[in-house]
Amino acid sequence: MDKKRKIYSALFGGLTLFFTLFIFWNSLQTGEESGAQSDAVVEIAKKLLGFFGITVEDYSLGVFIRKAAHFSEYFLLCICASLFIINITSRRFSFAAPIYCGIVAICDEFIMQMSTSGRSPQWTDVLIDFCGALVGLGILISILG
């Protein structure tokens, strides 16, 4: 493996680890802490949308933001994991990355959140997570050809 590929492998391997740990760290936040974080983002989004004359019910906006966070975390995780795998195997793409993301999503929902106060695992979140991973892989495949 040449020096450039080693650097990219280390970079994308590190980012994959970072996003995995970030996802698990978020799941260790209690329901109250997680709700407070979501509420803060909802307030920012409400102000931004209000600037454009758009009003959205707080509850609906909160659900959208939480689900978009799930999707985007796994979107980024899959892109980083895919680029890591591409660099260490010299393949154009691999389905190992979305499989990894699916395993992380299941562990996140059914191990991490199940053991955290005020949190409950949801299969819909696992599905949203996996969809984010698949969209990330699809975009990466379309870019890399």
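The paragraphs below go through this predicted model from its overall build to its salt bridges.

The protein chain contains 5 helices and 0 strands, so that reading along the sequence gives the pattern α-α-α-α-α. Its C-alpha trace spans about 50 × 40 × 25 Å along the principal axes. Among the contacts in the protein chain with a separation of 6 or more, 71% are between residues 24 or more positions apart. Of the 145 residues in the chain, 35% are buried.

Turning to the surface, the protein chain exposes about 8,700 Å², and carbon and sulfur atoms supply 71% of that area. One nonpolar surface patch, of about 550 Å², is made by Leu48, Phe51, Phe52, Ile54 and Val56. Leu48, one of these residues, is found in helix H2, which covers residues 31–51. With a relative accessible area of 52%, Leu48 counts as exposed, because the cut-off for that class is over 50%. The charges can be described for the chain as a whole too: there are 11 positive and 12 negative ones, and the mean positions of the two sets are 17 Å apart.

A contrasting case to Leu48 is offered by Ser27, which lies in helix H1, a helix made of residues 3–27. Ser27 has a relative accessible area of 2% and is therefore buried, since that class takes in values under 20%. Leaving aside residues up to four places away in sequence, Ser27 touches Asp108, Met112, Gln113, Thr116 and Arg119.

The charged side chains come next. Side chains of opposite charge can pair when their charged atoms come close. A search of the whole structure finds 3 salt bridges, and Glu43, Lys46 and Asp58 are linked with one another in a network of such bridges. Within this network, the side chains of Lys46 and Glu43 meet at 3.6 Å, taken from N to O. Both Lys46 and Glu43 lie in helix H2, where they are 3 residues apart, about one turn of the helix. Glu43 is partly exposed, with a relative accessible area of 36%, and Lys46, at 30% relative accessibility, counts as partly exposed as well.

Lys46 also forms a salt bridge with Asp58, in which the closest N and O atoms are 3.1 Å apart. This pair links distant parts of the chain, for Lys46 is in helix H2 and Asp58 is in helix H3 (residues 58–89), with their positions 12 residues apart in the numbering. Asp58, at 39% relative accessibility, counts as partly exposed.

The salt bridge between Lys67 and Asp125 has its closest N and O atoms 2.5 Å apart. Here too the pair links distant parts of the chain, with Lys67 in helix H3 and Asp125 in helix H5 (residues 123–144), 58 residues apart. Lys67 counts as partly exposed at 25% relative accessibility, whereas Asp125, at 5% relative accessibility, counts as buried. The two partners fall into separate classes because the cut-off for buried is under 20%, a value that lies between 5% for Asp125 and 25% for Lys67.

How values were computed. Residues numbered from 1 in each chain as written. Predicted model: local features only at pLDDT ≥ 70, side-chain atom pairs only at ≥ 80, totals over all residues. Heavy atoms only, no water. Helix = DSSP H or I, 4+ residues; strand = E, 2+ residues; numbered from the N terminus. Buried < 20%, exposed > 50% of the residue type's maximum accessible area, 1.4 Å probe, protein only. Contact = heavy atoms within 4.5 Å. Areas by Shrake-Rupley, 256 points an atom, 1.4 Å probe, with all protein chains shown as cover. Lys, Arg positive; Asp, Glu negative; His and termini not counted. Charge placed at Lys NZ, Arg CZ, Asp CG, Glu CD. Patch = residues over 30% accessible without salt bridge, like charges linked within 9 Å, V, L, I, M, F, W, Y side chains within 5 Å. Salt bridge = Lys/Arg side-chain N within 4 Å of Asp/Glu carboxyl O.
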